[in-house]
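Work through the exercises below with the model open beside you. Try each task before you read its solution.

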Amino acid sequence: MITSILVANRGEIARRVFRTCRELGITTVAVHSDADAGAPFVAEADVAVRLPGSSPADTYLRGDLVVAAALKAGADAIHPGYGFLSENAEFARSVVEAGLTWIGPAPETIDAMGSKIRAKELMAAGGVPILEVDPSTATPDDFPLLVKASAGGGGRGMRVVTDAADLEGELAAAGAEALSTFGDATVFVEPYLPTARHIEVQVMADTHGTCWVVGDRDCSIQRRHQKVVEEAPAPAVSDPVRATLHDAARAAVKAVDYVGAGTVEFLVADAHLDTGTVWFLEMNTRLQVEHPVTEEVFGVDLVAEQVRVAEGAQLGDEPAGPHGHAVEVRLYAEDPADDWQPQTGTVRTFEVPAGVRVDAGVEAGSVVGIHYDAMIAKVVAHGADRATAVRKLGDALRRTRIHGVSTNLDFLRSILADEEFVAARVHTALLDERLTEWSQPRLDDRAVRLMALAAALAEASTATANAKVLSRIPTAFRNVPSQPRTRTYVGDITVSYSAGLAQHDLDGVTVVEASPTRVVVDDDGILQTYGVAVGESWVDVDGPQGSLTLTPVPTFVNPADVVAEGSLLAPMPASVISVAVADGQHVTKGDVVVVLEAMKMQHTITAPTDGVVSGLSVAPGAQVESGAVLAVIAASSTNEVGEES
């Protein structure tokens, strides 16, 4: 029997596997990069081993270091999680060759199905329809096309190409991103079907010939080909289409004598009709990020079953179900208001109400860095039916408190409230179609002003409580009260108040109570309570309609904070991948200046106007903070004889 498992991964999936290990009485071993030394998953493991490496982003891709760590810590098995080395056949072989138990399919199976290109060939040979285009012979009629990484998923290394002239460049860019994330630059091309649905089937098989089909999941709500919302079972699917999906998944298992947990993914057109069409996409030879929704509706622990299969046990009867419905959302550290830029920083608060499942990689005090995926947690709700599960999850998100890093929390709430989603009229282009609407702030102007008032009163109360002298004078007191006090926050939000907790901006609102951490107001007969935390340069407010972080505008501006006109600023903390210009070089609007990488995604910084480069302050390999000046583009001007001056 397995007595000690090393998880060759990080974040929430490491914690998820550890949880099952504790229930099975198995000792846990974590491996970590220097950047993750203080992460919750490291502290949660029984023992942890540091992985040396030149770059934190590459550390978890060093299979030799992971195997050495397992032997050093006395582990007798390795669980790969998902991503990183989970679909790397050579890594699986090295685990077995070291005398350790590999919790996953055989290396030969990973070779066959872990490569999406080879998997398509196998499924086509078995009569399952596939999507395929040879990029070297693609014609204008074949577009749009989708470029995909052969060795991984999660939206990494994926590009939609609408113009033949862009295909070569997008193939190269996708390959570079795939190499950075999965260690394999191989990509392939298939037709892009934006209005189809992405439906997948969970399988589990043992070495005795038993194969479970553990239902299906819909993963159609995606942004940039990365799943955002998943649910089980897939809604609005006809019985014939569901049977086709399950039969094809079972055939995939038998085609390669699959062992362990896996997921077979499909694109489906007209899923609600008996005549719907199914195309094979790929088989993931590992546990999926979205496996919790399947566990919730089938009452099965997929990680525990993985361990038992790895020990040689035979699976029992296929789990009955599904029972009810489960919906999962992925909480990302990204800012929808800033072109979805990845966000970094220290999580000050992270609280999700009871009654839902939370698989999180962070907790209060955790640091979200630039080196890894932006997903920080998954929140899952289970209900007797889909409507109940959606409502339950939406309410849990409304009451979730997270501060310190910007997230897509409000965006997720908008998705769950959308009439198309509620009616289960989903497809892979729905998010793009509703992006503008879903990205709108959920807090209306009055709600924002009420939260700003709470922030201002809490700040004033904090100042009074911390005063070294005259601390007994009432908050906001003035000898000559000719004008109320005002407080302005970034976003042109200004509120005013005076002694006695009187406010001057919102009709029908009376302040009932104000302290450094709690403000209560009466809004036209309705009491509303706000929790407040005041920091040096921020104020976090949590109220009945949601949460908000406000940034006070200083009365005086430090001249050192003013940057030169034409400065190109880093939109987030990142690593510099390449620099395409030099000081004194003339550039044209749109020319590439710097390429950054954060959270395994590349971001291209281009010249905003024609001009001359100056103040170039970065080089490849450098680390930059958010807001750092990368270079300055001095706009070109033309004199009367047409010469630049």
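**Exercise 1.** Leaving aside neighbours within four places in sequence, which residues is Val629 in contact with?

*Solution.* Keep in mind that this is a predicted model. Start with the location: Val629 belongs to strand S38, residues 629-635. Next, list the contacts. Val629 is in contact with Val563, Ser567, Leu568, Leu569 and Ser617, once neighbours within four places in sequence are set aside. Then check exposure. The relative accessibility of Val629 is 30%, so Val629 counts as partly exposed. The range for that class lies between 20% and 50%. Finally, take a long-range distance. Val629 and Arg330 are 299 residues apart along the chain, and 32 Å separates their C-alpha atoms.

**Exercise 2.** Place Glu363 in the structure and find what Glu363 touches.

*Solution.* Find the loop between strand S19 (357-360) and strand S20 (367-368); Glu363 sits there. Glu363 has 37% relative accessibility and therefore counts as partly exposed. Skip residues up to four places away in sequence. Glu363 then touches Arg15, Pro40, Val347 and Phe350. For a distance check, go from Glu363 to Arg242. These two are 121 residues apart in sequence, and their C-alpha atoms are 39 Å apart in space.

**Exercise 3.** Compare the expected span of helix H12 with the distance between its end C-alpha atoms. Then work out which residues of H12 are buried.

*Solution.* Step one is length. H12 covers residues 386-398, which is 13 residues. At 1.5 Å a residue, the helix should span 18 Å. Its end C-alpha atoms are 18 Å apart, so the two values agree.

Step two is burial. The cut-off is under 20% relative accessible area. The buried residues of H12 are Arg386, Ala389, Val390, Leu393, Ala396 and Leu397. Look down the helix axis: these residues fall within an arc of 130°, so they line one face of H12. Ala387 and Arg391, on the other side, are exposed.

Step three is the cover. Three strands to look for over the buried residues are S11 (226-232), S14 (325-332) and S21 (375-383). The cover also includes helices H13 (409-417) and H14 (419-422).

**Exercise 4.** Describe the second largest pocket: its volume, its centre and its lining.

*Solution.* Begin with volume. The second largest pocket holds about 1300 Å³ of space. It is lined by 46 residues, and the closest to its centre are Asp335, Ala337, Ser406, Leu548 and Thr549. Now sort the lining by element. H12, strand S22 (401-403), H13 and strand S30 (546-550) each supply at least two residues. S30 gives the most, with 5 residues. Last, sort by class: 21 nonpolar, 18 polar and 7 charged.

**Exercise 5.** How many cavities of 30 Å³ or more does the structure hold, and what lines the largest cavity?

*Solution.* The count is 3. The largest cavity has a volume of about 160 Å³. Its lining has 13 residues; Arg156, Arg223, Gln226, Glu334 and Met601 lie nearest the centre. By class, this lining has 6 nonpolar, 2 polar and 5 charged residues.

Turn to the second largest cavity, with about 40 Å³ of space. Its lining includes His79, Pro80, Ser86, Ile103, Thr285, Arg286 and Gln306. The classes here are 5 nonpolar, 6 polar and 1 charged.

Notes. Residues numbered from 1 in each chain as written. Predicted model: local features only at pLDDT ≥ 70, side-chain atom pairs only at ≥ 80, totals over all residues. Heavy atoms only, no water. Helix = DSSP H or I, 4+ residues; strand = E, 2+ residues; numbered from the N terminus. Expected span 1.5 Å × (residues − 1). Buried < 20%, exposed > 50% of the residue type's maximum accessible area, 1.4 Å probe, protein only. Arc of directions from axis to C-beta. Contact = heavy atoms within 4.5 Å. 1 Å grid on protein atoms, 1.4 Å probe; cavity = no way out; pocket = protein on both sides within 12 Å on 5 of 7 lines; lining within 4 Å. Points joined across faces, edges and corners; volume = space filled by probe spheres on them. Nonpolar A, V, L, I, M, F, W, Y, C, P; charged D, E, K, R; others polar.
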